[in-house]
Amino acid sequence: MRASIFAAALIAVVSQATPSLATDYGIGKPATPAEIAGWNIDIAPNGAGLPPGHGSVSDGARVYADKCAGCHGADGLGKPMPALAGGAGTMGSAKPDKTVGSFWPYATTLYDYIHRAMPFNAPQTLAPDEVYAVSAYVLYLNHLVPENAVLDATSLPAVAMPERGKFVSGYVPDRPGEH
Amino acid sequence: MTASRRTPSTASRRAFVAGALTLATAAGLEAQAAIADDIADAPPVTPPWQKEQGAPVMSPPYGQPSKFESAVVRRENSTGSPYPTREAAVSLTPLQALHGIITPNGLHYERHHAGVPSIDPAAHRLLIHGLVDRQMIFTMDDLMHFPATSRIHFLECSGNTQNWGKPKPEHTVQDTHGLLSCCEWTGVPLKTVLGELGVKPDAKWMLAEGADAAAMTRSIPIEKVLDDALLAYAQNGERLRPEQGYPLRLFLPGFEGNMSVKWLRRLKFGTEPWQTREETSKYSWVMPDGSVRQFNFVMEAKSVITSPSGGQKLGASGFREISGVAWSGRGKITRVEVSTDGGSTWADAELQGPVLPKCLTRFRLPWRWHGQSAKLASRSTDETGVVQPSHDALLQQRDARSYYHYNAIQTWAVSAEGAVSNAG
């Protein structure tokens, strides 16, 4: 009985590759809302996933001086670590300077990345207000928001990134099994 | 007769092999005799290791290579690392010292963005959520209870081979192509696990996230997820090495290495890509027209001669086998041609089986080095008809600003003295 259920499941898995296809191994357990909430840290380009909270450029300057400047330079121009600012208009040159201001197409990526990976020596330690603030400061260093800007879940995804229009997808879906 | 005449038939190539081997044996014997005089323990002496017992079993419990192979190790770039830290950096596979198609686990290249975490498998979890019917969480034991499969595939870092500009002559194949490895990966096909959850029809992309300090994330198209994506927990017969994502990694055959997220902790289904840092700031191509191409996933047809290769010395003239590896992220390799004159003429190399899809294929061609300068190059073709481009042909489509996915023909220059250097 048990064996035949498994055999049926296996045949189903092998013969079809559609997402709706169910198997019945009975392995794993439902994820609890708390488990999901703790790990669900990604921020989508439309702002989905951004937490409540806000941060100003001036608060961000303090966070930056404290937790980022040692690696990224007082002005964000890098040394020893990657530059976070500068390079505006170098995209057409032979050696483009790829910074948040001169390259990055979405401001939401900045929040997402800083929260998950920075500061390099203590990732996932910044509170939402600190991430909003230091994101605002980095955008300010790139002349993308004014000095009095305050960013939150609504205003951050709305920040216009200068090179966005240049980004195109190179992905052409292959049909599974076809090469 | 040289190997580089117009593509010979298999029959004439075999004839060449036979002739060359006879010559090689004669030359080889002379060379050996000359060397034997200088080495104390060579014949006619009975060497000391025959006059005493060797080391006992379990010396050590986990076997190590011979001490005489201590130079066969991963290295950082020989002309200096471009990375500011050694946690967000690379180490390179010594392709010049490998045989066949399998990369030993301790020699698999590394590319980390926040170092190698030390993860307790008992505490590791895989969360799958978003656009699925049932959001679920799996332990390592759970994942290992599913029906498993093993497949041999290459993994290549998207930034492998920086020969866009003027080649660095001193670069070895470890420098130029060492972000390439090939292992047998064992795990559960992702679509098997997804059968337990039910992916909703509007799910078009999947976010994969690592449990390292970079919480590495990439967006993966649903077509790949449902094709051959693997949740891998073993590598060449043993559990994954920490550098390769222990206890669990995603493995996406044929796609750029970064997408096979290591230390995998979370998969989330959605309708659009997430535009993570690693698919915007990095791993995107600045094109000649100024546009930026994202989501360039497949590693295209490529090959490289590993012997002879950069930094090696050919020694006395005589028989040499030209050998290397070819691969394509689209499927099987169907042909590898080798040139000894910098691409003027080409001969078909022998493809050593098994020839597997999205896997390294070892190729071999007999060659007699006459003590003259030569330019050795290889060119692969895959089963979809893609032919590895020349440097110039690649540069007509893209330029150095695209940085990633350099797959042009690699040429090694051999000097009349037998020194081999990188000619780009």
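Start in chain B: select strands β21 (residues 374-382) and β22 (residues 411-414), which run antiparallel and are joined by four bridges. Keep in mind as you click around that this is a predicted model. For one rung of that pairing, pick Ala377(B); its bridge partner in β22(B) is Thr411(B).

Now widen the selection to the whole sheet. In chain B, five strands make an open sheet with antiparallel pairing, in the order β18-β17-β21-β22-β23. Look at the edges, where you'll find β18 (347-348) and β23 (420-422) of chain B; each has a single partner strand, so one side of each has no neighbour in the sheet.

Stay in chain B for a couple of prolines. Most peptide bonds are trans. Zoom in on Ser59(B) and Pro60(B), though, and the bond between them is cis, with omega near 0°. Pro60(B) belongs to the loop between α1 (10-36) and β1 (89-91) of chain B. Then hop to Ser307(B) and Pro308(B), joined by a cis peptide bond with omega of about -5°. Here the loop holding Pro308(B) runs between β15 (302-307) and β16 (318-327) of chain B.

Next, over to chain A. Colour it by secondary structure and you should find seven helices and four strands, following the pattern α-β-α-β-α-α-α-α-β-α-β along the sequence. Of the 179 residues in chain A, 43% are buried.

Select helix α6 (residues 128-141) of chain A. Its 14 residues should span 20 Å at 1.5 Å a residue, and the end C-alpha atoms are indeed 20 Å apart. How many of its residues are buried? In α6(A), 10 of the 14 are, including Val131(A), Tyr132(A) and Leu141(A). Show what surrounds the helix: the cover over the buried residues of α6(A) includes β2 (54-56), α3 (57-67), α5 (107-117), β3 (150-152) and α7 (155-158) of chain A.

Step just past the end of α6(A) to His143(A), which takes a positive phi of about 60°. This residue lies in the loop between α6 and β3 of chain A. Is it buried or exposed? His143(A) counts as exposed, at 73% relative accessibility.

For the last stop, go back to chain B and select Thr161(B), another residue that is not a glycine but has a positive phi, here about 70°. You'll find Thr161(B) in the loop between β5 (149-156) and α3 (173-177) of chain B. Thr161(B) is buried, with a relative accessible area of 2%, while His143(A) is exposed.

Methods:
Residues numbered from 1 in each chain as written. Chains lettered and ligands numbered in written order. Predicted model: local features only at pLDDT ≥ 70, side-chain atom pairs only at ≥ 80, totals over all residues. Heavy atoms only, no water. Helix = DSSP H or I, 4+ residues; strand = E, 2+ residues; numbered from the N terminus. Buried < 20%, exposed > 50% of the residue type's maximum accessible area, 1.4 Å probe, protein only. Pairing = 2+ DSSP bridges. Expected span 1.5 Å × (residues − 1). Contact = heavy atoms within 4.5 Å.
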